[in-house]
Amino acid sequence: MTNARFCAAALLLAAASLHPADAGSQGYPSKSVRYLVPDAAGSGSDTLARIVALGLTPALGEQAVVDNRPGATSTIGAAIVASAPADGYTILQTSSALAAAVSIYRNLPFDFLRDLEPVTQLAAAPQVVVVHPSVPVKSMMELVQLAKSKPGALKFGSAGSGSSTHLAAELFMAHAGIKMLHVSYRGGGPTITAIVSGETDVCFAPAATSLPHIRSGRLRALAVTTATRVPLMPEIATIAQSGFPGFQTAQWYGVLVPKGTPRPVIRVIHGKILAALKDPDVSKRMFGRGYIIVGSSPAEFKAFLKSEVGRLGALARNLGLKAN
């Protein structure tokens, strides 16, 4: 072998050794990607998904198609993704609701931590305690006083048993020593519709879906659930500041793919999602809806999910939440 041929071969081998796994992602993506949301249209998850898809489509160079598959507190959509081909063309965007639901729903056809591969935590989101304008309260303390004067009379809506909107309300009721009647809906969109129409009285709603109605006067905001005030709505106090020290909770959203998806493909998806989150238009839209961008690594998100499944599962069991 001549020196020139030897050097050329050595360079090729060196290049291959530097990127040994990249071959697994060659040609990906070559078609549109299904971006499945296990929640109803108009929900906080759906709102986020459509914002992310705006940035993900140009980042991928292929269309990211949002597909809503609501039901059973995100478990129906999660089951679809868990059984989908592990080729990177089916992506699941889910929320903290699923981490609780896997302890509530028995006989699920998938194992959350085993059958789905974490990609990244997209964002965190505050929840806002809102009431219909007909409810005669303007603060959390007044809400508690009203609830204590009429035990079980006030109705709070949620996106389903074990959903983030449900668990946040249950946590607060335990914290404040009150009881309200739970009315469960099939997703976040119907939940917001119910309180705007006056069908329910109270909701621990995502900022993304409640903010437009707060600004229009169709809903009255009492407090946010986070530890600190939200920059987007600094005039709204936290629950802790409203006379209930120590209370805080927030919703989170993340992306997963079917188990067995090649690591190089996961790296591509992760990189493209981070690129989408850094897009100025995407980040502006997310901030405008109250989302806090995270963009963690797959390893970080995996550890976070394991912790959340344990934490939220324990909460669901303590509340005695069971389904099917």
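Here a visitor and a guide talk through a predicted model, its confidence, its sheet and its empty spaces.

Visitor: How do you know how far to trust the chain, and where is the pLDDT below 50?
Guide: The average pLDDT is 90, and 92% of the residues score at least 70. Residues 1–21 are the stretch below 50, with 3 contacts in the model beyond near neighbours in sequence. Where pLDDT is low, the coordinates should not be read in detail.

Visitor: On to the sheet, then. Why are β7 and β9 said to stand at the edges?
Guide: The order is β7-β6-β8-β5-β9, an open sheet of 5 strands with mixed pairing. β7 (181–184) and β9 (220–224) each have a single partner strand, so one side of each has no neighbour in the sheet. From one strand to the next, the twist averages 30 degrees.

Visitor: What makes β6 and β7 a pair?
Guide: Pairing takes at least two bridges between the strands. β6 (residues 155–158) and β7 have 4 bridges, in the parallel sense, so they count as a pair by that cut-off. Within this pairing, G157 stands opposite V183 in β7.

Visitor: Which strands does helix α8 touch when it packs on the sheet?
Guide: α8 (residues 188–197) touches β5 (127–131), β6 and β8 (202–206). Contact here means heavy atoms within 4.5 Å. The direction of α8 makes about 140 degrees with that of β8.

Visitor: Now the empty spaces. What makes one a cavity and another a pocket?
Guide: In a cavity a 1.4 Å probe fits but cannot get out, whereas a pocket is an open set. The structure holds 1 cavity of 30 Å³ or more, and about 110 Å³ of space lies in the largest cavity. The largest pocket has a volume of about 250 Å³.

Visitor: Which residues lie closest to the centre of the largest pocket?
Guide: D39, A159, S163, G187 and G188, out of 23 lining residues. Two or more residues come from each of α2 (44–60), α7 (164–176) and β10 (251–258). By class, the lining has 8 nonpolar, 13 polar and 2 charged residues.

Visitor: And which residues lie nearest the centre of the largest cavity?
Guide: S164, L167, T249, A250 and L312, from a lining of 13 residues. α4 (96–104), α7 and α12 (298–318) supply at least two residues each, with the largest share, 4 residues, coming from α7. The classes here are 7 nonpolar, 5 polar and 1 charged.

Technical notes:
Residues numbered from 1 in each chain as written. Predicted model: local features only at pLDDT ≥ 70, side-chain atom pairs only at ≥ 80, totals over all residues. Heavy atoms only, no water. 1 Å grid on protein atoms, 1.4 Å probe; cavity = no way out; pocket = protein on both sides within 12 Å on 5 of 7 lines; lining within 4 Å. Points joined across faces, edges and corners; volume = space filled by probe spheres on them. Nonpolar A, V, L, I, M, F, W, Y, C, P; charged D, E, K, R; others polar. Axes fitted to C-alpha atoms, helices over the stretch in contact; angles between N-to-C directions. pLDDT = per-residue confidence, 0-100.
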